[in-house]
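Me: Please take a close look at a single part of this model, one helix with the loop that follows, and set that part within the whole chain. A connected account would be preferred to a list.

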Amino acid sequence: MELLDETIVPESARGLKAEARAFADEWIAPNAAEYYESGEYPWEILEAGMDAGLVAQDVSEAYGGRGLSLSQLLAITEEFYRADAGIALTLQLASFGAEILQEHGTDEQRETYLRPVAENEQITGLAVSEPDGGSDLAGMEATAERDGDDYVIDGEKFWIGNGVEADWVTLYAKTGDDPNNRYGNYSLFVVPTDTDGYEAEHIPEKMGFRASKQARIALEGARIPASNRIGPEGAGFYMLAEFFNYGRVIVGGHGLGLAAAAIEEAHEFVHDREAFGRTVNEFQAVQHDLADMRTEFEAARALNWRAADRVENNDDAGFWAAMAKVKSTETATFCAERAMQLHGGQSVLAENRISRIYRDVRIPVIYEGANDIQRNLIYGQTPK
Ligand SMILES: Cc1cc2nc3c(=O)[nH]c(=O)nc-3n(C[C@H](O)[C@H](O)[C@H](O)COP(=O)(O)OP(=O)(O)OC[C@H]3O[C@@H](n4cnc5c(N)ncnc54)[C@H](O)[C@@H]3O)c2cc1C
């Protein structure tokens, strides 16, 4: 059964899709269970992904990357997440947020910070969310105060992928206090993780995505040069919103890969398992479950690939990206839930792939903006 069939993928992305499938088969799928259990950071697989030219390669060729397009990244994403979500997230977080520097940074910033990421010498993270809330981007409390030629950053960040492992993070902080311009109060900065006053620790064990690591970051008087600000002061919210349009199409791909994995597992199980003297797939109710899962999956995939095209062409990008994220990630939760039921008691054995998928699907409905927030965006940005 080939759920991630290539006919919906633009021709320009099919080569990358094949590369990603081969890598996922060799490196991700066979190691998924082990990393899930240990919760270790999969350095070895990250390095193999770098060697294969599949990590941080959306950076343009001018700065050492392959200049992969959104469609090419989405094609890779579906394949990686089908194999294992936690390892896949680690592979993709290696350049998380660096895309903002590519889009809005100066040539000097790109040479200094972006090139080492594209050349796989450094890894990054994006530090936006805080302990008291991640949904209200105009309510974050970490501050960056200008002091001569520097900014001094204070506050806390939470849930930050690679907050411990990264060489630098793109950090979102408050630089203004104008109550009439809530969205103009924030800026983005490159913050090297060896800056004095930057302290990161891993957050406690998660129920899913166990091969990826997130951190709590405490910033106390962390001083960085003003030249590390990305784009104009006060433009952080808008740069982030633009970046999230791109990211949400990719997170839709997280859902698609997970949904495909759930369907595969359910299909295989019910064709093998016997009850009442026949294989379980012979019951019409079971066939309807499989039919519903497949229908939802195909609908989500069609929407997600359409959204990729719209976002690439900057055509009502926010609206399409939010719809793709909601539909694909919720299709993953739906398919995983049905697949669990079809596995009966086998579903709850930790060693079975379906139980891993079931725990993983709870996470993409939250990150990159909880789906409730996406629904606000879909309504608010519906083209007139
Ligand atoms: C595994 C993982 C990895 C992550 N990686 C990163 C990362 O690398 N960088 C980063 O910055 N963040 C990261 N996050 C944080 C993530 O983006 C936030 O968890 C998310 O934005 C939600 O924020 P919150 O958890 O603070 O929920 P809150 O903002 O406290 O919201 C809680 C719930 O309230 C509801 N709600 C809130 N506001 C509204 C509203 N306006 N309308 C309707 N309902 C609403 C929603 O149901 C929401 O889920 C990660 C999270 C996880 C779980």
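Reply: The domain bounds used below come from an automatic or database domain assignment. On that basis the chain of this predicted model is divided into domain 1 (6–118), domain 2 (124–234) and domain 3 (238–380). The C-alpha centres of domain 2 and domain 3 are 30 Å apart. Their contact takes 10 residues from domain 2 and eight residues from domain 3. On the side of domain 2 that touches domain 3, seven residues are nonpolar, three are polar and none is charged.

The chain as a whole provides the setting. Its secondary structure amounts to 12 helices and 10 strands, and its C-alpha trace spans about 80 × 50 × 40 Å along the principal axes. A compact globule of 384 residues would have a radius of gyration near 21 Å, and the chain agrees with this because its own value is 21 Å. Of the 384 residues, 51% count as buried. Among contacts with a separation of 6 or more, 77% join residues 24 or more positions apart.

The part chosen for the close look is helix H9, residues 284–312. At 1.5 Å a residue, the 29 residues of H9 should span 42 Å; the end C-alpha atoms are 42 Å apart, so the expected and modelled spans agree. The buried residues of H9 are Val286, Met293, Glu296, Phe297, Ala300, Arg301, Asn304, Trp305, Ala307, Ala308, Arg310 and Val311. An α-helix has 3.6 residues a turn, so residues three or four places apart point the same way. That rule is a useful guide when reading the list of buried positions against the model. The partners of these buried H9 residues are helix H4 (70–83), helix H8 (236–272) and helix H10 (317–342).

The backbone beyond the helix also deserves attention. Most residues other than glycine have a negative phi. Just after H9, however, asparagine 314 takes a positive phi of about 50 degrees. Aspartate 316, in the loop between H9 and H10, has a positive phi of about 50 degrees as well, although it is not a glycine. Aspartate 316 counts as partly exposed because 16 other C-beta atoms lie within 10 Å, below the 20 needed for a buried residue.

Helix H11 (residues 353–360) can be set beside H9. Its buried residues are Ile354, Arg356, Ile357, Tyr358 and Asp360. Helix H2 (32–38), helix H5 (85–93), H8 and H10 are among the elements that cover them. In the loop between H11 and H12, glutamate 368 is a further non-glycine residue with a positive phi, about 60 degrees. Glutamate 368 counts as buried because it has 23 C-beta neighbours inside 10 Å.

Helix H12 leads on to the ligand. Strand E1 (124–127), strand E3 (150–161) and helix H12 (371–380) each supply at least two residues of the shell around the ligand. At least three shell residues come from each of domain 2 and domain 3. Of the 23 residues around the ligand, Val128, Gly134, Ser135, Gly161 and Asp372 come nearest. By class, the shell holds 12 nonpolar, nine polar and two charged residues.

Methods
Residues are numbered from 1 along each chain as its sequence is written. This is a predicted model: local features need pLDDT of at least 70, side-chain atom pairs count only at pLDDT 80 or more; totals for chains, interfaces and linings use all residues. Helices (H or I, at least four residues) and strands (E, at least two) are DSSP runs, numbered from the N terminus. The expected span of a helix is 1.5 Å times one less than its number of residues. A residue is buried if 20 or more other C-beta atoms lie within 10 Å of its own, exposed if 12 or fewer, and partly exposed in between; C-beta atoms are placed from the backbone. Two residues are in contact if their C-beta atoms, placed from the backbone, lie within 7 Å. A residue is near a molecule or strand if its C-beta atom, placed from the backbone, lies within 6 Å of it. Ala, Val, Leu, Ile, Met, Phe, Trp, Tyr, Cys and Pro count as nonpolar, Asp, Glu, Lys and Arg as charged, and the others, Gly among them, as polar. The radius of gyration is taken over C-alpha atoms; the globule rule is 2.2 Å times the number of residues to the power 0.38.
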